Amino acid sequence: STGAMSIVDVGCSTGETLAILDRHLEQQGREAQLIGLDPSAAMVKKAQEKAQNLGVRDIKIQAATAQEFVFPPSNMVIMNYTLQFIPKEERSQVLRKIYDSLLPQGVFVLTEKVVADHPKIDQAMVNLYYEFKERQGYSKLSIAQKREALENVMYPITPKEQLAMLEDVGFKSPELIFKWYNFACYLAVKSFLDVGP
């Protein structure tokens, strides 16, 4: 419908974030066209089934990578734990596509695994996180297996590098809005309304 917002979730996995957003918007009496993309066809199928079962209103989910996807004009783009798997040399191009697709005052929410500037601090953060996972009932073996599986496919960067990359593609004053151990969430706005004197 006209006047509805458009929200894109890049690397939407099972579509949980979009389902939560739809419920939240419905409670506010608002509508949005929701678009999810994920490179895994199996995830896309799960997300489509979940959306149907939960009665998500206006949603399209497709199998695509961020690199090949043609971003429609949108009010918000969400990217949770996805950029870290894109080769470093391709990230700026993906972020630029997202920036270009956002409408004025459009918002980009990025959540990533990060590394600390200093290796000793980084190691301390990693150790704290693994201790947390053990307290949650994960075995040392399962933690080690996941770590090994991600080691050669995930390339996290520091928050300083990430903020600089967001500024380089055009975002005004990107902010680190949440950090927990070696995980960080950023908020970047395309442009702010000029407020008069």
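**Helix 3, helix 6 and their surroundings**

In this predicted model, helix 3 (residues 88-101) and helix 6 (residues 159-168) have axes that come within 9 Å and cross at roughly 50°. Helix 3 and helix 6 are therefore oblique to each other. The crossing in which helix 3 passes helix 6 is right-handed. On the side of helix 3, the contact is made by R91, S92, L95 and R96, and helix 6 contributes Q162, M165, L166 and D168. Sorted by character, the residues of this contact comprise three nonpolar, two polar and three charged.

A good place to look next is Q162, one of the helix 6 residues in this contact. The relative accessibility of Q162 is 2%, so this residue counts as buried, the limit for that class being under 20%. Which residues does Q162 contact, leaving aside its neighbours within four places in sequence? They are L83, L95, L110, E112, I157 and Y186. Of these, L95 also belongs to the helix 3 side of the contact between the two helices.

A second glutamine, Q84, is found in the loop between strand 4 (74-80) and helix 3. With 3% relative accessibility, Q84 counts as buried. Its side chain reaches the backbone nitrogen of K113 at 2.7 Å. Not counting residues up to four places away in sequence, Q84 touches R91, E112, K113, V153, M154 and Y155. Here R91 provides a link back to the helix pair, being one of the helix 3 residues that make the contact with helix 6. E112 likewise appears in both neighbourhoods: it is touched by Q84 and is in contact with Q162.

Turning to other helices, A144 lies in helix 5 (residues 140-151), while Y130 is part of helix 4 (residues 119-135). Is A144 buried or partly exposed? At 39% relative accessibility, A144 counts as partly exposed. Y130, by contrast, has a relative accessibility of 15% and therefore counts as buried. Along the chain, A144 and Y130 are 14 residues apart, and their C-alpha atoms are separated by 9.3 Å. Y130 can also be placed relative to P72: the two are 58 residues apart in sequence and 39 Å apart in space, C-alpha to C-alpha.

Terms used:
Residues numbered from 1 in each chain as written. Predicted model: local features only at pLDDT ≥ 70, side-chain atom pairs only at ≥ 80, totals over all residues. Heavy atoms only, no water. Axes fitted to C-alpha atoms, helices over the stretch in contact; angles between N-to-C directions. Helix = DSSP H or I, 4+ residues; strand = E, 2+ residues; numbered from the N terminus. Parallel < 35°, antiparallel > 145°, perpendicular 65-115°, else oblique. Left-handed = near helix turned anticlockwise from the far one by under 90°. Contact = heavy atoms within 4.5 Å. Nonpolar A, V, L, I, M, F, W, Y, C, P; charged D, E, K, R; others polar. Buried < 20%, exposed > 50% of the residue type's maximum accessible area, 1.4 Å probe, protein only. Polar contact = N/O pair within 3.5 Å; in protein donor to acceptor, adjacent residues only side chain to side chain.
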